[in-house]
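Please open the structure in your viewer and keep the selection tool at hand. The tour below moves from one selection to the next and tells you what to look for at each stop.

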Amino acid sequence: QVQLVETGGGLVQAGGSLRLSCAASGRTSSIYAIGWFRQVPGKEREFVATITWSDSGTSYAESVKGRFTISRDSAKDTVYLQMNDLKPEDTAVYLCAARPGRLYSFRTWGQGTQVTVSS
C-alpha cells in the first residue's frame, strides 16, 4: 500500500506563488507515476500535471503550462508542484494521486490541500 500526504496549500494573492508537496510512503516501489489534480465544489476533478517515477517524464494541463512545474525528489519520495503566476481560477483543493502502471488509473489519493488565490 502507498500513502500520500499533501502539504503547502494556503492563501495567496493573484500573481503570487506556492509550492505544494506530495510525500509518498509505504510501497513506493509500486508507483509508476504521481499526478496532481484539483477539485472545485460542483465541478469535475481536473487533471493538472503528472510525473513518472522512473524517468521523471512530465505532462501538464494546457491551463497551467508555463506557470506550474512538477518535480520529484527521489531521495525523499516527494513530488512537488511549483505554482507561479497564480490566478483566482486556480483556487481549488489540490490532490495528489499515484498510479501503479501506465495502463492503470490513479487509484491512491491523498487528502488534499486547499489553495485560494485572491484577486
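Begin by selecting arginine 19 and tyrosine 80, where you will find that arginine 19 lies over the face of tyrosine 80, at 4.1 Å from the ring centre. As you look, please keep in mind that this is a predicted model.

Next, select arginine 99 together with phenylalanine 106, since a charge and a ring meet here too: the charged end of arginine 99 sits over the ring of phenylalanine 106, 5.1 Å from its centre.

Keep phenylalanine 106 selected and add Phe37, Phe47 and Trp109, which ring pairs link with Phe106 into a cluster. A search of the whole structure finds three aromatic pairs. In one of them, the ring centres of phenylalanine 37 and phenylalanine 47 are 5.8 Å apart and the planes stand at 70 degrees, so this pair counts as edge-to-face. Phenylalanine 37 belongs to strand β4 and phenylalanine 47 to strand β5, ten residues apart. Are these two rings buried or exposed? Phenylalanine 37 has a relative accessible area of 10% and is buried, whereas phenylalanine 47, at 28%, is partly exposed because its value falls between the 20% and 50% limits.

Now turn to phenylalanine 37 and phenylalanine 106, an aromatic pair that is also edge-to-face, with 5.1 Å from centre to centre and 75 degrees between the planes. Because phenylalanine 37 lies in strand β4 and phenylalanine 106 in the loop between β9 and β10, this pair ties together parts that are 69 residues apart in sequence.

For the next stop, select glutamate 44, which is found in the loop between β4 and β5. Its relative accessibility is 72%, so glutamate 44 counts as exposed. Leaving aside residues up to four places away in sequence, glutamate 44 touches Arg38 and Gln39.

Then display the strands β1, β3, β8 and β7, which form an open sheet in that order, with antiparallel pairing. The edge strands, each pairing on one side only, are β1 (2–7) and β7 (68–73), and the twist averages 20 degrees from one strand to the next. Six bridges join β7 to strand β8 (residues 78–83), and if you select aspartate 73 you will see that it stands opposite threonine 78 in β8.

Finally, select Ile34, Trp36, Leu81, Met83 and Tyr94, which touch the most other members among the 29 residues of the largest nonpolar core. Several strands each supply at least two residues of this core, including β1, β4, β8 and β11 (113–118).

Conventions: Residues numbered from 1 in each chain as written. Predicted model: local features only at pLDDT ≥ 70, side-chain atom pairs only at ≥ 80, totals over all residues. Heavy atoms only, no water. Pairing = 2+ DSSP bridges. Helix = DSSP H or I, 4+ residues; strand = E, 2+ residues; numbered from the N terminus. Axes fitted to C-alpha atoms, helices over the stretch in contact; angles between N-to-C directions. Core = buried A, V, L, I, M, F, W, Y, C linked by side-chain atoms within 4.5 Å. Buried < 20%, exposed > 50% of the residue type's maximum accessible area, 1.4 Å probe, protein only. Contact = heavy atoms within 4.5 Å. Phe/Tyr/Trp six-rings, centres within 6.5 Å; stacked < 30°, edge-to-face > 60°. Lys NZ or Arg CZ within 6 Å of the ring centre and 35° of its normal.
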